[in-house]
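Welcome! Please open your viewer, load the model below and keep the selection tool at hand for a guided walk.

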Amino acid sequence: MVDKESVPYFPFSLIIESDVWVLHNPLLGIEEELNQAAYFVLKLCDGYRTLEEVITELSGFYGESEDVILKRIEPMLLRYTDEGLLWWRSRRMTWWKLQPPIAVLWDLTSRCNLRCKHCVVSAGPSCPDELSLEDCRRLIDEMSAFGVSQLILSGGEPMLRPDFFDIARYAASKSLSLQVATNGTLIDEDAAEELSRIGAFAQVSLDASSPEIHDDFRQVGGSWDRTIQGIRLLVKEKLPVTLASVVTSCNVDDIPQIYELAAELGVQTFRILPFVPSGRGDSIRDLEISPARMKELTGYLLKKNEEVGLDIAPMEFACTFSPPPEGKTDTDTRLGCDGGVAYCTITSKGEVLPCNYFAGAEAENVKEKDFEWIWYNSRFLNYFRSLVVSDLHGTCGECSWLSVCRGSCVAANFSHGDIFQSNRHCWLVYPKN
């Protein structure tokens, strides 16, 4: 039964096609047709109105009692809640006047020369409505003028764009710090020298310490050799390089060897990322390892870091290996990571999101609105800024580390159908394999 005092939010795009509204369900991967009345109900669930206010507005519009309206809409509300598409809070969202984002992760293209099994954007062919070079230059001007500090050029594989270096050089000329997130296979001597010349950083993804696992996971033979060669060329040009590995059931036992390889290659930082079943990875959910296994790996890497000395980027829930802070957590502590607060993502189509895991949400587009306007006025971004740890249910509310982790990645929860559940990756929530 729904609570009329709660505030529902349906953030996903509804597109009109042949006189019917179509929902592309990002969690179930299906399309669903809706009539005008259902569209109206879901649009009123905007993260600000209470359910009671939604019912009152519908009652006035249709001329029926509030009890009748509730009886009619409740089954739909419950179904979308169960599917993870309708989110409920006990308070209204707020509109925030924040500082500009420190960093923007920008997917220059959805095109990729690999077919990684875990890819959150299901990269492969380029989409027809990617930003033109003119669009890119205008967007860089907007971000630079607004005060963005760092630009992370990603994809797909960003270096597949023929104008990649035109974009990178233009961003560097506007004093934006540049990082390139790449699979490394297209790095030759000329590319490494040019990236060094414009002062870029690089993050290169690698899934294994040997070709067999990596090439199988990337679904392209020879990719491991080309990636290793690319890393060597970047290090030779003295670029700061982060080697990043998404931890899956395919490579979890190989992560210690990847760390040793990273040290041997001379990169600056090693980074592990949890697998979130989204995009192409949604169809291979057994790639996700148990929180208990991730705890073992995290503990190993913390110890190994002391022995080897290669820096490791902050790891999810590593805070639990240290004593918790004293005192109770303020229930108004902001929930989750800094997505939508200190950084955001721009998709290859130009949509602005907290991160790529929420593709399919109704989002503003930089082709239509100025980036600064979007940063301040996006309902979706402001909704994320409004989330607090008291929105969580389950065991997180009693955790002594909650003020440190802040519930961590809500996208992991969303991929499992409930954005406000206790975190699916936390080994305190799920202590057993």
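## A tour of the model

Begin with the surface of the whole protein: about 19,200 Å² is exposed, and carbon and sulfur atoms supply 49% of that area. Keep in mind as you look around that this is a predicted model.

**The whole chain.** Switch to a cartoon view, where the protein shows 14 helices and 14 strands. Its radius of gyration is 23 Å, close to the 22 Å that the globule rule gives for 433 residues, so the protein is as compact as a globular protein of that length. Turn the model along its principal axes, and the C-alpha trace spans about 75 × 50 × 40 Å. Of the 433 residues, 54% are buried. Take the contacts between residues at least 6 apart in sequence: 72% of them join residues at least 24 apart. If you colour by charge, you will find 41 positive and 63 negative charges, and the mean positions of the two groups are 2 Å apart.

**Helix α9.** Now select residues 255-265, which form helix α9. Which residues of this helix are buried? They are Ile-255, Pro-256, Ile-258, Tyr-259, Leu-261, Ala-262 and Leu-265. An α-helix has 3.6 residues a turn, so residues three or four places apart point the same way. Show the neighbouring elements next: the buried residues of α9 pack against α8 (223-236), β10 (241-247), β11 (269-274), α10 (291-308) and β12 (311-312). Step past the end of the helix to Gly-266, which follows α9 and has a positive phi, near 85°.

**Thr-242, in a strand.** One of the elements packed against α9 is β10, so select Thr-242, which is found in that strand. Thr-242 has 15% relative accessibility and counts as buried. Setting aside neighbours within four places in sequence, Thr-242 is in contact with Ala-202, Gln-203, Val-204, Thr-269 and Arg-271.

**Ile-140, in a helix.** Move to helix α4 (residues 133-146) and pick Ile-140. Is Ile-140 buried or exposed? Ile-140 is buried, with a relative accessible area of 0%. Show its contacts beyond four places in sequence and you will see Trp-106, Leu-151, Ile-167, Tyr-170, Ala-171, Lys-174 and Leu-176. Lys-174 is 34 residues from Ile-140 along the chain, yet their C-alpha atoms are separated by 7.7 Å.

**Loops with special backbones.** Most residues other than glycine have a negative phi, and most peptide bonds are trans. The next three stops depart from that pattern.

- Select Asp-19, in the loop between β2 (14-17) and β3 (20-25). Asp-19 has a positive phi, near 70°, and is exposed, with a relative accessible area of 77%.
- Select Ser-408, in the loop between α13 (402-405) and α14. Its phi is also positive, near 55°, but Ser-408 counts as buried at 13% relative accessibility.
- Select Gly-155 and Gly-156: the peptide bond from one to the other is cis, with omega near 25°. Gly-156 is in the loop between β7 (150-154) and α5 (164-173).

**The cysteines.** A disulfide is a covalent bond between the sulfur atoms of two cysteines. How many disulfides does a search of the whole structure find? The search finds zero. Select Cys-250, which is in no disulfide: the nearest cysteine sulfur, that of Cys-116, is 12 Å away. Cys-250 is partly exposed, at 34% relative accessibility. Then try Cys-399, which is in no disulfide either; here the nearest cysteine sulfur belongs to Cys-405, 6.0 Å away. A pair counts as a disulfide when the sulfur atoms are within 2.5 Å, so this pair does not qualify. Cys-399 is partly exposed too, with a relative accessible area of 21%.

**Last stop: Arg-424.** Finish in the segment after α14 (410-415), where you will find Arg-424. Arg-424 is partly exposed, with a relative accessible area of 28%. Which residues does Arg-424 touch, not counting those up to four places away in sequence? They are Pro-291, Ala-412, Asn-413, His-416 and Tyr-430. To end, draw a distance line to Asp-370: the two residues are 54 apart along the chain, and their C-alpha atoms are separated by 36 Å.

Notes:
Residues numbered from 1 in each chain as written. Predicted model: local features only at pLDDT ≥ 70, side-chain atom pairs only at ≥ 80, totals over all residues. Heavy atoms only, no water. Helix = DSSP H or I, 4+ residues; strand = E, 2+ residues; numbered from the N terminus. Rg over C-alpha atoms; globule rule 2.2 N^0.38 Å. Buried < 20%, exposed > 50% of the residue type's maximum accessible area, 1.4 Å probe, protein only. Contact = heavy atoms within 4.5 Å. Areas by Shrake-Rupley, 256 points an atom, 1.4 Å probe, with all protein chains shown as cover. Lys, Arg positive; Asp, Glu negative; His and termini not counted. Charge placed at Lys NZ, Arg CZ, Asp CG, Glu CD.
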